[in-house]
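Colleague: I should like to go through the terms used for this structure and hear the reasoning behind each of them. Could we begin once the structure is displayed?

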Amino acid sequence: MPATPRSRVPMRPASLHASSWAAAALLCSLAAGAQEALPEEAAARIVGGALTDPAGFQRLRELCDGIGPRLSGSAGAAAAVAWAAERFKQDGIPVKLEKVMVPHWVRGTLEKGEVVARPGAAPLALSLTALGGSGPTPETGLTAEVLEVRSLAEAKALGERARGKIVFYNHDMTLAKEYGELGELRGRGPIEAQKLGAAAVLVRSLSTASLRSPHTGMTRVDPALGPFPSAALAAEDAELLHRLLERGPVSVRLWLSAHQLPDVESANVVAELRGRERPEEIVLIGGHLDSWDLAQGAVDDGAGVAIVLETMRLLAKEHPRRTVRAVLFMNEENGLRGGEGYALEHAAEVAKHVAALEADSGSGRPLSVQVHGGAGAAELLRPWVRPLAILGAESTADSPEAGGADTSPLARAAEPVTMVSVRQDASRYFDLHHSAADTLDKVKPFELAQATAAFAWTTFALAEMPAVLPRPQPKPAAK
Ligand SMILES: [Zn+2]
């Protein structure tokens with residue numbers, strides 16, 4: 001079908017608040033020529049298309065039920081790369097694979113633990129799972145006394161007492177926003193215990209709800225020390241250990257068969273819609289193809305993959321002013337090689353990236369748009385996201401939180417790329433995140449469609465609005 005000519009009809013004054021008109025008028029005077037009437041018909045096609053076409057959820061279903069878990073280096077990850085490239089081709093969008101070497105960590109078949117029998121009490125089985133990057137225990141298992149701590153500082157303070165023990169990081173995460181701060185217990189906790197000569201680490205799952213599912217995730221490995229047995233405990237089992245420790249010493253026996261295999265060649269899937277007027281300026285939208293191995297990775301990050309595919313399919317019919325580039329990154333979960341590889345491969349054109357978005361917060365409905373750019377960036381974008389009012393997501397705010405893991409190397413570049421995020425309702429995201437419960441049935445098709453509408457429109461707006469958002473200041477070099 002030939003593309004419908006883009007309309008330049010201004011939005012009706014009746015649909016606007018007086019204050020937004022005042023702001024728009026002010027911006028007009030501040031940035032002459034920066035304001036231009038919204039292409040309303042495009043808004044109807046993009047937002048309406050995302051809300052009414054079931055293609056996004058159908059593709060998520062293919063990815064989840066057809067391929068399933070996609071940890072870097074696995075057959076599932078390779079299948080996902082081929083599948084995603086094929087879907088872009090089906091939509092008539094030029095696509096290429098950009099090679100990245102990725103880690104290949106495998107869980108193996110053995111992972112279990114138990115509280116060692118105490119006088120008059122049988123062993124108690126624990127619900128746990130190895131952390132990504134964990135090393136194995138001896139095949140016959142490892143038995144040690146457990147020491148509970150609640151912070152890295154408390155672990156370090158154990159000093160010599162940690163030698164030969166299992167260090168247990170406990171916490172009381174209940175809210176999604178606590179993930180960032182408590183994440184270091186999983187990310188760095190094992191290394192700190194390993195340095196003290198501990199035998200293994202248990203970390204309470206970073207989750208906001210639990211039906212006794214442990215939540216995995218990456219832990220760092222010190223190359224000088226090598227992999228170290230580390231596992232996540234279901235919240236209920238962390239509570240059990242805590243209660244038992246209140247009554248006296250507790251020993252745990254742990255069996256893990258996790259290990260690292262040689263790196264594997266994989267790829268970022270990169271698709272592009274060339275801009276009609278300013279093809280050298282790039283708006284990037286990304287998500288990640290890999291997932292943890294315990295489940296289908298429906299919310300992390302199958303939803304993001306579906307959002308990116310659908311954004312490109314919808315925008316292909318619109319021919320926006322700037323180039324829109326989709327990157328389905330590989331290895332966000334346990335190495336970020338895709339994100340780092342992209343920034344390296346495209347170092348010469350980082351300055352031409354005018355904005356980057358990443359869909360990696362699940363499938364919840366959109367709430368607002370966040371911008372990490374130069375002064376006034378969110379204000380400049382605001383009139384252009386008015387079509388998201390139908391979703392209740394039309395507000396914009398400057399926020400250093402805008403951005404994602406895969407695009408973070410672009411945010412740290414010498415000429416940092418402006419980060420734009422569609423903030424989603426992620427209040428229940430960490431109920432499922434990195435656990436065996438991250439399955440397709442958790443995704444509500446209409447919420448995914450709403451999120452897709454918000455991403456697709458915001459991406460279009462960034463590629464179509466006359467002005468480019470001001471870039472953020474470069475981060476001062478670390479001392
Ligand atoms: Zn993710």
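Modeller: Let us begin with burial: a residue is called buried when its relative accessible area is under 20%, exposed when it is over 50%, and partly exposed in between. Please note that this is a predicted model.

Colleague: Why is Asp 300 called buried?

Modeller: Asp 300 has a relative accessibility of 4%. The cut-off for buried is under 20%, and Asp 300 therefore counts as buried. His 288 likewise counts as buried, because its relative accessibility is 0%.

Colleague: Which residues coordinate the zinc ion?

Modeller: The donors are His 288 through NE2, Asp 300 through OD, and Asp 360 through OD, the last being listed twice, at 1.9 to 2.7 Å. The limit for a donor here is within 2.8 Å of the metal, so the range of 1.9 to 2.7 Å satisfies it. In sequence the donor residues follow the spacing H-x11-D-x59-D. His 288 belongs to strand 11 (residues 278-288) and Asp 300 to helix 9 (residues 298-315), and this pair, 12 residues apart, links distant parts of the chain.

Colleague: What makes the arrangement of the four donor atoms around the zinc ion irregular?

Modeller: The angles run from 52 to 150°. A tetrahedral assignment requires all angles between 85 and 135 degrees, and a square planar one requires opposite donors over 155 degrees apart. The range of 52 to 150° meets neither condition, so the arrangement is irregular.

Colleague: Why is the contact between Glu 318 and Arg 45 called a salt bridge?

Modeller: The criterion is a side-chain nitrogen of Lys or Arg within 4 Å of a carboxyl oxygen of Asp or Glu. For Glu 318 and Arg 45 the closest N and O atoms are 2.7 Å apart, so the pair qualifies. Glu 318 lies in the loop between helix 9 and strand 12 (322-329), whereas Arg 45 lies in helix 2 (residues 40-52), 273 residues away in sequence. Glu 318 is buried, because its relative accessible area is 2%; Arg 45, at 27%, is partly exposed.

Colleague: What makes Asp 293 and Arg 107 a link between separate parts of the chain?

Modeller: Their side chains form a salt bridge, with N to O at 2.6 Å. Asp 293 sits in the loop between strand 11 and helix 9, and Arg 107 in the loop between strand 1 (95-106) and strand 2 (111-115), so the pair ties together parts that are 186 residues apart in sequence. Asp 293, at 24% relative accessibility, is partly exposed, while Arg 107, at 9%, is buried.

Colleague: How do you know that Asp 172 and Arg 150 form a salt bridge?

Modeller: Their closest N and O atoms are 3.7 Å apart, and the limit is within 4 Å; the pair therefore qualifies. Asp 172 is exposed, because its relative accessible area is 51% and the cut-off is over 50%. Arg 150, at 37%, is partly exposed.

Colleague: How many salt bridges does a search of the whole structure find?

Modeller: The search finds 26. Separately, Arg 276, Glu 277, Arg 321 and Glu 464 are linked in a network of such bridges.

Colleague: How do you know that the length of helix 2 agrees with its number of residues?

Modeller: At 1.5 Å a residue, its 13 residues should span 18 Å, and the end C-alpha atoms are 17 Å apart, which agrees. For helix 8 (residues 235-247), also of 13 residues, the expected span is 18 Å and the end C-alpha atoms are 19 Å apart, which agrees as well.

Colleague: Why are the buried residues of helix 2 said to line one face?

Modeller: The buried residues are Ala 42, Ala 43, Ile 46, Val 47, Gly 49 and Ala 50. Seen down the axis of helix 2, the buried residues fall within an arc of 155°, so they line one face. On the other side of helix 2, Ala 44 and Thr 52 are exposed.

Colleague: Which residues have the most contacts inside the largest nonpolar core?

Modeller: They are Phe 88, Tyr 169, Leu 381 and Trp 457, in a core of 99 residues. A second, separate core has 26 residues, including Leu 71, Leu 233, Val 252 and Ala 258.

Technical notes
Residues are numbered from 1 along each chain as its sequence is written. This is a predicted model: local features need pLDDT of at least 70, side-chain atom pairs count only at pLDDT 80 or more; totals for chains, interfaces and linings use all residues. Side-chain values use heavy atoms; hydrogens and water are left out. Donors are N, O and S atoms within 2.8 Å of the metal (3.2 Å for Na, K and Ca); water is not among the atoms, so sites may look incomplete. Four donors count as tetrahedral if all angles lie between 85 and 135 degrees; four count as square planar and six as octahedral if opposite donors are over 155 degrees apart and all others between 65 and 115; anything else is irregular. Helices (H or I, at least four residues) and strands (E, at least two) are DSSP runs, numbered from the N terminus. Buried means under 20% relative accessible area, exposed over 50%, partly exposed in between (1.4 Å probe, protein chains only). A nonpolar core is a set of buried Ala, Val, Leu, Ile, Met, Phe, Trp, Tyr and Cys residues joined through side-chain atoms within 4.5 Å. The expected span of a helix is 1.5 Å times one less than its number of residues. The arc is that of the directions from the helix axis to the C-beta atoms.
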